[in-house]
Amino acid sequence: MNTNTRIACTKSIAPSPRSDAPPANLSLQKGMPVDGDGPVFREPWEAQAFGMALALHERGLFTWDEWAQALAAQIRAAQVLGDPDLGNTYYRHWLAAIEALVSAKGASSPKELGRYQRAWDHATDRAAHGQPIELCEEDFAR
């Protein structure tokens, strides 16, 4: 059974004090999977990726214009490599854009991001199907 996760996102997001971008109406973002109720997520991690981008923007790590440029660059790069852009890889591009901006802004390094990615992979391997995935110290030992 495929249940989609929805969030209501029709209001404008006010930029952080450090942002020079106008408020973003996220219901209008090009390519975002939407239905009559707003953005639709195929998996919970997609909603989390969406939330991470919003949270980092609201904290002033990047402007909405920087975010849009980073996301567009990731999508273009994927298309050059053969991504048919059917919508099923859209939030993978969000994650790649988040990682690129976090690294570019010095909030983390590619090395540290890789360390966490490996830890999450390890945590995923040991988690029972259908159970929450939680990081623990042993996940970082690999």
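Here is a short exchange on the helices, salt bridges and surface of a predicted model.

Trainee: How far apart are the end C-alpha atoms of helix H1?
Mentor: Start with the length. Helix H1 covers residues 44–58, which is 15 residues. At 1.5 Å a residue, the expected span is 21 Å. The model agrees, because the end C-alpha atoms are apart by 21 Å.

Trainee: Which residues of H1 are buried, and how wide an arc do they cover?
Mentor: The buried residues of H1 are Glu46, Ala47, Ala49, Phe50, Ala53, Leu54 and His57. They sit on the same side of H1, because around the axis they cover an arc of only 160°. In an α-helix there are 3.6 residues a turn, so residues three or four places apart point the same way. The arc asked for is 160°.

Trainee: Which exposed residues does the opposite face of H1 carry?
Mentor: Look at the face turned away from the buried side of H1. Exposed means over 50% relative accessible area. The exposed residues on that face are Pro44 and Gln48.

Trainee: Which residue just after H1 takes a positive phi?
Mentor: Step past the end of H1. The phi there is about 85°. The residue is Gly60.

Trainee: What is the partner of Lys105 in its salt bridge?
Mentor: The whole structure holds three salt bridges. In the one formed by Lys105, the closest N and O atoms are 2.7 Å apart. Lys105 lies in the loop between helix H3 and H4, and its partner lies in helix H2, so the pair ties together parts 39 residues apart in sequence. That partner is Glu66.

Trainee: Which residues make up the salt-bridge network with Arg126?
Mentor: Arg126 in helix H4 forms a salt bridge with Glu138 in helix H5, twelve residues apart. Arg126 also meets Asp139 in a salt bridge, at 2.7 Å from N to O. The shared partner joins the bridges into one network. Its members are Arg126, Glu138 and Asp139.

Trainee: Is Asp139 buried or exposed?
Mentor: Buried means under 20% relative accessible area. Asp139 has 1% relative accessibility. Glu138, at 46%, counts as partly exposed. Asp139 therefore counts as buried.

Trainee: Which residues form a nonpolar patch on the surface?
Mentor: One member, Trp120, is in helix H4. Trp120 is partly exposed, with a relative accessible area of 38%. Together the patch residues have about 270 Å² of accessible area. They are Tyr116, Trp120 and Ile133.

Definitions and conventions. Residues are numbered from 1 along each chain as its sequence is written. This is a predicted model: local features need pLDDT of at least 70, side-chain atom pairs count only at pLDDT 80 or more; totals for chains, interfaces and linings use all residues. Side-chain values use heavy atoms; hydrogens and water are left out. Patches are made of residues with over 30% relative accessible area and no salt bridge: like charges are joined within 9 Å, nonpolar side chains (Val, Leu, Ile, Met, Phe, Trp, Tyr) within 5 Å. Accessible areas come from the Shrake-Rupley method with a 1.4 Å probe; for residues, only the protein chains shown count as cover. A salt bridge is a side-chain nitrogen of Lys or Arg within 4 Å of a carboxyl oxygen of Asp or Glu. Helices (H or I, at least four residues) and strands (E, at least two) are DSSP runs, numbered from the N terminus. Buried means under 20% relative accessible area, exposed over 50%, partly exposed in between (1.4 Å probe, protein chains only). The expected span of a helix is 1.5 Å times one less than its number of residues. The arc is that of the directions from the helix axis to the C-beta atoms.
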